[in-house]
Amino acid sequence: MSKYLLEVGVEELPYKFIPMAINQLENGFKAFLEANNVTYEKINVMATPRRLAVMIAGLVESQPDVEKVVKGPIATVAYDENKNLTPAGLGFAKKNGVDTKDLYVEDNYLYAKISIKGKCTKDLLQDNVPQIFAKLQGPHFMRWGNNDVKFSRPIRWVLSILDNSEVKVTIIDKESSNLTNGHRFSTQNIVINNPDEYVSKLRDACVFVDQEERKQRIIELTNKEAEKYNAITKISEDLLEEVTYLCEYPVAVTCDFDTAYLTIPQEVAVTVMETHQRYFALYTREGKLTNKFVTITNYVGNEYENIKAGNLRVIKARLDDAVFFFNEDTKKPLEAYRENLKGMTFQKGMGSVYDKTERIAKLAEKLNPSVTVKRTAELCKADLATNLVFEFTELQGFIGADYARVSGETKEVQNGIREHYFPLNADSETASSVEGQVVGIADKIDTICAVFAAGKKPTGSSDPLGVRRAALGIIKTILEHNLKIDLSKLIDDALNLLPVKTECKSEIEEFFVQRLIIFLANDYRKEVLEACSAKNPCVDLCDYLSRVKVVSTINDAKLLENANRVLRILKDKVDNNVDSSLFIFDAEKMLYTEVQKISYNGNYEEYLKALISINSTVTKFFDDVLVMDKDENIKNNRLALLNILKNKYIMLTDFSKLNI
């Protein structure tokens with residue numbers, strides 16, 4: 001088995017492109033090897049800002065030889081009347097490189113069996129590697145120098161070796177060799193004799209080429225710095241990934257700023273450090289922000305004073321701005337900013353942000369008429385008109401909550417303002433306070449209805465105002481906190497409050513159902529989710545989830561058989577009125593008695609058991625009774641009886657969509 005290594009050295013790549021390139025290279029090489037029937041054990045793609053590397057282990061030396069049967073012309077065309085090959089037959093043999101004696105006729109057609117010798121893996125790599133690299137896609141690709149091929153950054157070198165020998169390839173304008181380069185401030189022109197020594201030689205040259213190793217080193221170095229000051233870190237995955245792709249040789253340096261800056265909202269200081277400067281903030285063991293932070297620098301050396309001074313100069317300027325905006329904003333109460341919302345457009349045709357706030361307040365009051373909910377709704381968007389939110393848009397809600405504190409609003413209102421944007425993403429927490437839950441749902445449903453009413457519903461490539469995220473936020477909040485909210489009615493209320501009147505309720509409900517199914521798809525079978533959605537989930541999401549949990553446990557074939565038989569018979573609408581005096585058979589009376597006993601008492605597990613318990617009664621009914629009796633009254637009475645049974649079944653799920 002062989003091992004192949006490709007490394008393409010470049011000028012510093014944009015960090016957002018690097019994970020895209022890793023994924024594309026892995027898929028590209030995988031597709032190439034599988035299409036060419038070249039077996040391998042593992043593809044490992046490694047990347048830093050200055051290099052993209054592909055390591056393929058367990059490669060076979062060549063493709064396997066293949067025997068192939070090729071179909072030629074019809075026999076009457078391939079042979080003349082004397083059974084001699086015609087020019088068409090001879091041409092077929094020549095084209096496929098076979099002797100005429102190896103040709104044969106089958107089903108009145110000429111055939112040839114040919115042997116195709118497998119190509120050497122080295123030759124396949126030479127032919128295909130440049131093409132795989134040329135297919136990479138990313139933002140802001142451009143031409144460099146005199147080249148026609150576009151790429152993210154200029155290519156500086158190419159390393160390509162299979163075991164102990166070079167595989168000559170040319171990528172854009174650079175021909176490969178067995179040389180690579182270390183960190184900019186370390187060893188250059190490093191000879192790689194075989195792929196196995198690649199990672200260790202680069203590590204010696206101050207390059208951690210494996211991004212996972214680099215990521216773990218960043219975590220370890222940051223935590224080690226934090227321990228020096230008896231502090232802790234709260235490392236987010238997004239920031240960690242970004243920093244990982246900004247360096248080749250991570251070195252942690254702890255810096256600090258004046259404690260006076262800790263008077264501004266903690267979220268502002270953290271945003272300055274993490275989002276704007278890519279620093280890791282340090283906290284006390286109790287979780288309070290300190291004036292220290294760790295910066296990861298791509299540095300070879302041991303002199304850090306200039307690094308500290310430079311970072312302090314930058315963060316001081318940003319924090320000075322934050323302090324100025326905070327002091328200016330808090331000269332008046334948060335409520336005073338509501339009037340400014342009238343000059344901010346929510347979206348075309350849907351009024352201002354102030355109008356939206358008024359709609360949120362009305363919707364929230366329908367869900368919960370408490371004083372704190374009303375106050376939260378009134379102030380929830382006020383911080384959008386402040387200087388600090390204008391500068392730090394991602395902190396809307398957090399700044400509003402702090403300004404509400406300064407303005408003397410209650411803690412319930414403060415929490416509600418902060419949490420009404422929750423969840424911030426698919427993995428983050430939902431609002432814990434009633435105010436945050438109710439106002440958040442009202443805000444999101446207004447946004448969703450406004451987008452649909454404006455005819456801008458989401459497509460595969462667009463998500464206006466983040467309505468998918470908004471729908472997911474509503475679903476998560478309702479399910480996690482077991483809220484009894486009729487979304488169907490809430491959609492009606494939200495549409496009625498909009499300045500534009502349209503008929504799009506069914507579209508919005510279907511949108512919610514699809515988001516709900518996608519959200520739950522990792523935990524439950526899709527067929528179960530779709531079967532349970534036959535009864536509109538929007539009326540009660542928690543009820544829907546309860547049914548899904550119970551239906552997922554069904555393994556009774558007889559129940560499915562009986563339910564589906566009833567559903568097939570009752571395709572058309574029938575009367576529900578049963579006249580027991582028209583019963584002829586004991587099986588009819590028995591089924592009627594058993595069905596009447598079944599009722600939902602708030603427990604779907606018990607309800608399912610009740611449906612299963614009458615299996616034998618339903619079976620006996622179909623064995624003993626002919627539903628389509630010649631007497632129209634008797635037939636209709638039996639259909640009415642089955643219709644009652646059908647309603648019992650469909651209250652749980654649509655059994656026609658289920659399989660065991």
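Me: Is S176 buried or exposed?
Reply: S176 counts as buried, because its relative accessibility is 2% and the cut-off for buried is under 20%. Bear in mind that this is a predicted model.

Me: Where is S176 found?
Reply: S176 is in the loop that runs between strand 12 (174-175) and strand 13 (179-180).

Me: And what does S176 touch, leaving out residues up to four places away in sequence?
Reply: With those left out, S176 touches V158, S160, E166, V167, K168 and V169. For V167 there is also a polar detail: the side chain of S176 reaches the backbone oxygen of V167 at 3.3 Å.

Me: Switching to cysteines. How many disulfides in the whole structure?
Reply: The search finds 0 disulfides.

Me: Why is C247 without a bond?
Reply: The closest cysteine sulfur, in C206, is 12 Å from the sulfur of C247, so the two are too far apart for a bond. C247 is buried, with a relative accessible area of 2%.

Me: What about C504, which cysteine sulfur is nearest?
Reply: That of C449, 6.7 Å away, and C504 is in no disulfide. C504 counts as buried because its relative accessibility is 3%.

Me: Sheets next. What is the strand order in the open sheet of 4 strands?
Reply: The order is 15-17-18-16, with antiparallel pairing. Strand 15 (232-233) and strand 16 (250-256) are the edge strands, each pairing on one side only.

Me: How many bridges between strand 16 and strand 18?
Reply: Strand 16 pairs with strand 18 (residues 289-298) over 7 bridges, in the antiparallel sense. One of the bridge partners: P250 goes with N298 in strand 18.

Me: Which helix packs on the sheet?
Reply: Helix 6 (residues 211-228) does, touching strand 15, strand 16, strand 17 (280-283) and strand 18. The direction of helix 6 makes about 30 degrees with that of strand 16.

Me: Zooming out, how many helices and strands in the protein?
Reply: The protein has 25 helices and 18 strands.

Me: What is the radius of gyration, set against a compact globule?
Reply: The protein has 35 Å, whereas a compact globule of 660 residues would be near 26 Å. The C-alpha atoms fill a box of roughly 105 × 95 × 45 Å along the principal axes.

Me: What share of the 660 residues counts as buried?
Reply: The buried share is 48%.

Me: And the contacts between residues at least 6 apart in sequence, what percentage join residues at least 24 apart?
Reply: Of those contacts, 68% do.

How values were computed:
Residues are numbered from 1 along each chain as its sequence is written. This is a predicted model: local features need pLDDT of at least 70, side-chain atom pairs count only at pLDDT 80 or more; totals for chains, interfaces and linings use all residues. Side-chain values use heavy atoms; hydrogens and water are left out. Helices (H or I, at least four residues) and strands (E, at least two) are DSSP runs, numbered from the N terminus. Buried means under 20% relative accessible area, exposed over 50%, partly exposed in between (1.4 Å probe, protein chains only). A polar contact is a pair of N or O atoms within 3.5 Å; within protein, one must be able to donate a hydrogen and the other to accept it, and residues adjacent in sequence count only if both atoms are side-chain atoms. Contact means heavy atoms within 4.5 Å. A disulfide is a pair of cysteine sulfur atoms within 2.5 Å. Two strands pair if DSSP finds at least two bridges between them. Axes are lines fitted to C-alpha atoms, for helices over the stretch in contact, and angles run from 0 to 180 degrees between N-to-C directions. The radius of gyration is taken over C-alpha atoms; the globule rule is 2.2 Å times the number of residues to the power 0.38.
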